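Open the model in your viewer and keep the selection tool at hand. Each stop below says what to select and what is there.

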Amino acid sequence: MAKSSISLLFVFFIFFVLEKSQAKLAPALYVFGDSTVDAGNNNGIQTYAKYNYLPYGIDYPGGTTGRPTNGRTMADFIALSLGLKAPPPAFLLVNTSTYNACEGFNYASASAGILPESGFKGTLSLGEQVGLFKKTVEEYLPLHLEKSVDVSLHLSKSIFHFVMGVNDYALNFLKKKNSGQPVNEEAFAELLVAKYGEHLTDLYKLGARKFVVFDIEAMGCLPSYVNQLKPATSKCVDELNSMVLKFNKKLYLKLTELGRTLPNSVFVIGNNYLHILTLVDNPQKYGLKDASNACCVLTPYGTCDSSKVPCHDRDSRVFFDAAHPTEAAYKILANGCFNGVGVCLPINLQQLALL
């Protein structure tokens, strides 16, 4: 009888552990950013920055979505790790009058920047993305979460995910510099970080408390710049990496300041720069093979040629096109941030969700 009771208790314990492991770690994930995390918002925008055609999405369940990679993005993997039923949908593609889920939205827009003038015409700058979130808080959530206190609790426990800044350099600063306009790297980085901080503060005022902000990747290691500038003594264009590092260092200081001055807020820094640098320098360390060549056949613009078949060894490549990583590379970054050490600081995303 005693053995039977112990066995029964053990079975109940196993069910309890399994149920807890499958539970959501956060009520929702709200995603802001550029092509790194765009889930298809640009499909509904008049812009050149579209990725709603094969071979993009060739490995994504259900096919092409507008994500500029072969499969899932970093944000998709983070959503799965948090226990959400599905990755947050692109806000502009959702009919909010019939949609009734409250697990977050994706506001990211490929080619967008922190500054409104960065990126291609028509895309959603960070300020416009924050505006869409404000609409979500004021118009959508109250219809599905009955009390205002429920909305506040929902937002305070949700994760807010950001990847922004590279287009401010690629499609703004470098354009001015290459055209001969007087530009100052330090002043530009200061401007970007100040504007970024303002938008993060706006989100805090709307109810956000848990932030995961990724720095700018080592853009000098992207095939688009390596192929164009052909560095002689390095795998990457060191000048470009040095440029974005100025921004990254200032961003770290700004996030630390915000964490100190905004009560009950937590800011986690995601090291996208080191991730790309490490993958390019030593892809074998992570089970990948090729960190130099794009997987798909490129157009003159560095995007995938829709008429050509991409490489078959996509799980062993770092880059899918000239500017965007593969699903395999995104998965390494997302997993490292979620439960690893040193990728996201000062705590990982799992620890953030449990706060």
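## Stop one: H2 against H10

Select Met-74, Phe-77, Ile-78 and Ser-81 in H2; they meet Glu-327, Tyr-330, Lys-331, Leu-333, Ala-334, Asn-335 and Phe-338 in H10. Sorted by class, this contact of H2 with H10 holds seven nonpolar, two polar and two charged residues. Bear in mind that the model is predicted.

Now look along the axes. H2 and H10 pack at about 45°, and their axes are 8 Å apart. Angles from 35 up to 65 degrees fall among the oblique ones, so H2 and H10 are oblique to each other. The crossing of H2 and H10 is right-handed.

## Stop two: H9 against H10

Keep H10 (residues 327-339) on screen and add H9 (residues 272-281). The angle here is about 130°, with the axes of H9 and H10 11 Å apart. H9 and H10 are therefore oblique to each other. Their crossing is right-handed.

Which residues make the contact between H9 and H10? From H9, select Asn-272, His-275 and Leu-279. From H10, select Ala-329, Ile-332 and Leu-333. By class, the contact of H9 with H10 has four nonpolar residues, two polar ones and no charged ones.

## Stop three: the loop between H2 and H3

Move to the loop between helix H2 (74-81) and helix H3 (126-144), and select Asn-106 there. Is Asn-106 buried or exposed? Asn-106 counts as buried, because its relative accessibility is 2%, and the cut-off for buried is under 20%. Show its surroundings: beyond four places in sequence, Asn-106 is in contact with Val-31, Val-37, Asp-38, Ala-39, Asn-41, Pro-88, Pro-89, Ala-90 and Phe-91.

Stay in the loop between H2 and H3 and select Ser-97. Ser-97 counts as exposed, because its relative accessibility is 64%, and exposed means over 50%. Add Leu-345, 248 residues from Ser-97 along the chain. The C-alpha atoms of Ser-97 and Leu-345 are separated by 38 Å.

## Stop four: the nonpolar cores

The largest nonpolar core has 72 residues. Select Tyr-30, Phe-133, Tyr-169, Tyr-196, Phe-211, Met-219 and Phe-247, the residues with the most contacts inside this core. Helix H6 (residues 185-206) supplies the largest share of the core, nine residues.

Center on Tyr-169. Setting aside residues up to four places away in sequence, Tyr-169 touches Leu-174, Phe-188, Ala-189, Leu-192, Ile-216, Met-219, Met-243, Val-244 and Phe-247. Apart from the largest core lies another, of 26 residues. Finish by selecting some of its members, including Val-31, Leu-84, Val-163 and Leu-349.

Key:
Residues numbered from 1 in each chain as written. Predicted model: local features only at pLDDT ≥ 70, side-chain atom pairs only at ≥ 80, totals over all residues. Heavy atoms only, no water. Core = buried A, V, L, I, M, F, W, Y, C linked by side-chain atoms within 4.5 Å. Buried < 20%, exposed > 50% of the residue type's maximum accessible area, 1.4 Å probe, protein only. Helix = DSSP H or I, 4+ residues; strand = E, 2+ residues; numbered from the N terminus. Contact = heavy atoms within 4.5 Å. Axes fitted to C-alpha atoms, helices over the stretch in contact; angles between N-to-C directions. Parallel < 35°, antiparallel > 145°, perpendicular 65-115°, else oblique. Left-handed = near helix turned anticlockwise from the far one by under 90°. Nonpolar A, V, L, I, M, F, W, Y, C, P; charged D, E, K, R; others polar.
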